[in-house]
Amino acid sequence: MELTDRKKQILKVVVEEYIHSAEPVGSKTIAAQIGGISSATIRNELVDLVEQGYLEQPHTSAGRVPSPKGYRLYVNELMEKQRLSVRETERINQALQIKMEELDRIISQAGKAVSSLAGYPAYAIAAGKRAVTARRFELLPVDDSSCIVVMMMGDNRVKSQLLRMQLKVDLEQMPTLVNLLNTHFTGISTDEMNLRLMNVADQISPQMFLLLSQTVTYAADVLEEAGHKEVFTAGAKELLKLPEFRDADKAHELMSFLEGGKEELPAPDENSPMKILIGPENVSQALQDTSVVVASYDIGNDMRGLIGVVGPTRMDYAAVAARLSFFAEGLTHLFGKQELPPKEDQHNE
């Protein structure tokens, strides 16, 4: 059932008051915010909002708090897009003044900066936009018992290694083996590579098959490592400052997840720059009582980065989304153009 404008107005006040106070919101507070509506009318509307699942009423209080359904409506329809102040944009740009060193260090520093800006735990990920595969192979003979395998991956990285051949190979057959590698073992997953290895076993000599097997095993190991997501977390101790996590067991459970369950942290859809997951919308059980805001940015070389914040369901979604969006845009500029995004003149202090 579609909510009336008045119910939406009341829901918006409850969400925003609860975000700032962490205390259940009563009818008097709402009446003071809205004006022109009696406390009795507001109480009736609050009852309806509870019955419709948008609000909840803790047994110990007459006030109401938003439910995940209420937060979702707020994020989708009622939340006003927040502009960052000049001071905030300067602080974010300062955090983005990172030397272009190795990727892992940059991503790790980005996570720490976001946690500091948001006041919540944060995580940062660098990942390929799609599975990494082999693009081309070369085999360079060194002597009759060793060769160098060279593999170019789909993201243009090149890896090489010296292989000691288990059996001597006729060097004149090497081009045939290279052709076989480039015809059957490029552009496919490591699982498919292993399947094809068995399918071509009867097409070549045992000596050549052993070298082929060594090459494919090496390639599969490199591709598996290249496709592994590196996840960095920061600011887990920020949870201890929040009323929702005064329970030590509850805080410990989430902090342990942030340290050990990194692979389960949410990511936006491929073509979506941002995703907001509220409470039960999170797949992981450890995140069921939290909300996650995560944004993506372009690293280049067919890779994207993700930067996310984990906090209570009463987090200030508008402020977190604005800061995260600006930060992600800044990282895209940093990786792509080696410069920071321009300031917006219309920002307010």
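These are my notebook entries on a predicted model, written as I looked things up.

**Entry 1: the whole chain**

I began with the overall make-up. The secondary structure comes to 11 helices and 10 strands. The chain has 349 residues, and buried ones make up 46% of them. I then turned to contacts with a sequence separation of 6 or more: residues 24 or more positions apart account for 61% of these.

**Entry 2: the cores**

Which residues have the most contacts inside the largest nonpolar core? I found Ile 30, Ile 307, Tyr 317 and Phe 327, in a core of 77 residues. Helix H11, which spans residues 317-337, gives the most to this core, with 10 residues.

I picked Tyr 317 for a closer look. Leaving out residues up to four places away in sequence, I see Tyr 317 touching Tyr 71, Tyr 74, Val 75 and Met 79. Its other partners are Ile 276, Ile 278, Ser 291 and Val 293.

There is also a second, separate core, with 30 residues. Among its members I noted Val 132, Met 151, Val 169 and Leu 177. A reminder to myself: nonpolar side chains tend to be buried together in soluble globular proteins.

**Entry 3: Cys 147**

Next I visited strand S5 (residues 146-153), where Cys 147 lies. Is Cys 147 buried or exposed? Its relative accessible area is 0%, and since anything under 20% counts as buried, Cys 147 is buried.

I listed its contacts beyond four places in sequence. They include Leu 139, Leu 140, Pro 141 and Val 142. Further along I find Gln 161, Leu 162, Leu 163 and Met 165, and then Met 174 and Leu 211. I also checked Cys 147 against Leu 171, 24 residues away along the chain: their C-alpha atoms are separated by 9.9 Å.

**Entry 4: H8 against H9**

I wanted the geometry of a helix pair here. Two packed helices are described by the angle between their axes and the distance between the axes. Helix H8 (residues 190-199) packs with helix H9 (residues 206-226) at an angle of about 170°, and the axes are 10 Å apart. Angles over 145 degrees count as roughly antiparallel, so that is how H8 runs relative to H9.

From H8, the contact is made by Thr 190, Met 193, Asn 194 and Leu 197. From H9 I count in Phe 209, Leu 212, Ser 213, Val 216, Ala 219, Ala 220, Leu 223 and Glu 224. Sorted by class, the contact has eight nonpolar, three polar and one charged residues.

**Entry 5: salt bridges around H1**

How many salt bridges does a search of the whole structure find? My tally is 12. I followed up several with a partner in helix H1.

Lys 7 pairs with Asp 48, with the closest N and O atoms 3.4 Å apart. This pair links distant parts of the chain, 41 residues apart: Lys 7 is in H1 (residues 5-21) and Asp 48 in helix H3 (residues 39-51). Lys 7 is buried at a relative accessible area of 11%, while Asp 48 is partly exposed at 28%.

Lys 8 meets Glu 77 in a salt bridge, 3.0 Å from N to O. Here again the pair links distant parts of the chain, with Lys 8 in H1 and Glu 77 in helix H4 (residues 68-78), 69 residues apart. I have Lys 8 as buried, at 14% relative accessibility, and Glu 77 as partly exposed, at 45%.

Glu 16 and Lys 12 form a salt bridge too, at 3.2 Å from N to O. Both sit in H1, and because they are four residues apart, about one helical turn separates them. Glu 16 is partly exposed, with a relative accessible area of 25%.

I then looked for shared partners. Arg 6, Lys 7, Glu 45 and Asp 48 are joined into one network by salt bridges.

**Entry 6: two single residues**

Ala 22 lies in the loop between H1 and helix H2 (27-34). I flagged its phi, near 60°, as a positive value in a residue other than glycine. At 17% relative accessibility, Ala 22 counts as buried.

My last stop was Ser 115, in helix H6 (residues 103-118). Ser 115 is buried, at 4% relative accessibility. Setting aside neighbours within four places in sequence, I find Ser 115 in contact with Tyr 120, Pro 121, Ala 122, Ala 234, Gly 235 and Glu 238.

Key
Residues are numbered from 1 along each chain as its sequence is written. This is a predicted model: local features need pLDDT of at least 70, side-chain atom pairs count only at pLDDT 80 or more; totals for chains, interfaces and linings use all residues. Side-chain values use heavy atoms; hydrogens and water are left out. A nonpolar core is a set of buried Ala, Val, Leu, Ile, Met, Phe, Trp, Tyr and Cys residues joined through side-chain atoms within 4.5 Å. Buried means under 20% relative accessible area, exposed over 50%, partly exposed in between (1.4 Å probe, protein chains only). Helices (H or I, at least four residues) and strands (E, at least two) are DSSP runs, numbered from the N terminus. Contact means heavy atoms within 4.5 Å. Axes are lines fitted to C-alpha atoms, for helices over the stretch in contact, and angles run from 0 to 180 degrees between N-to-C directions. Angles under 35 degrees count as roughly parallel, over 145 as roughly antiparallel, 65 to 115 as roughly perpendicular and the rest as oblique. Ala, Val, Leu, Ile, Met, Phe, Trp, Tyr, Cys and Pro count as nonpolar, Asp, Glu, Lys and Arg as charged, and the others, Gly among them, as polar. A salt bridge is a side-chain nitrogen of Lys or Arg within 4 Å of a carboxyl oxygen of Asp or Glu.
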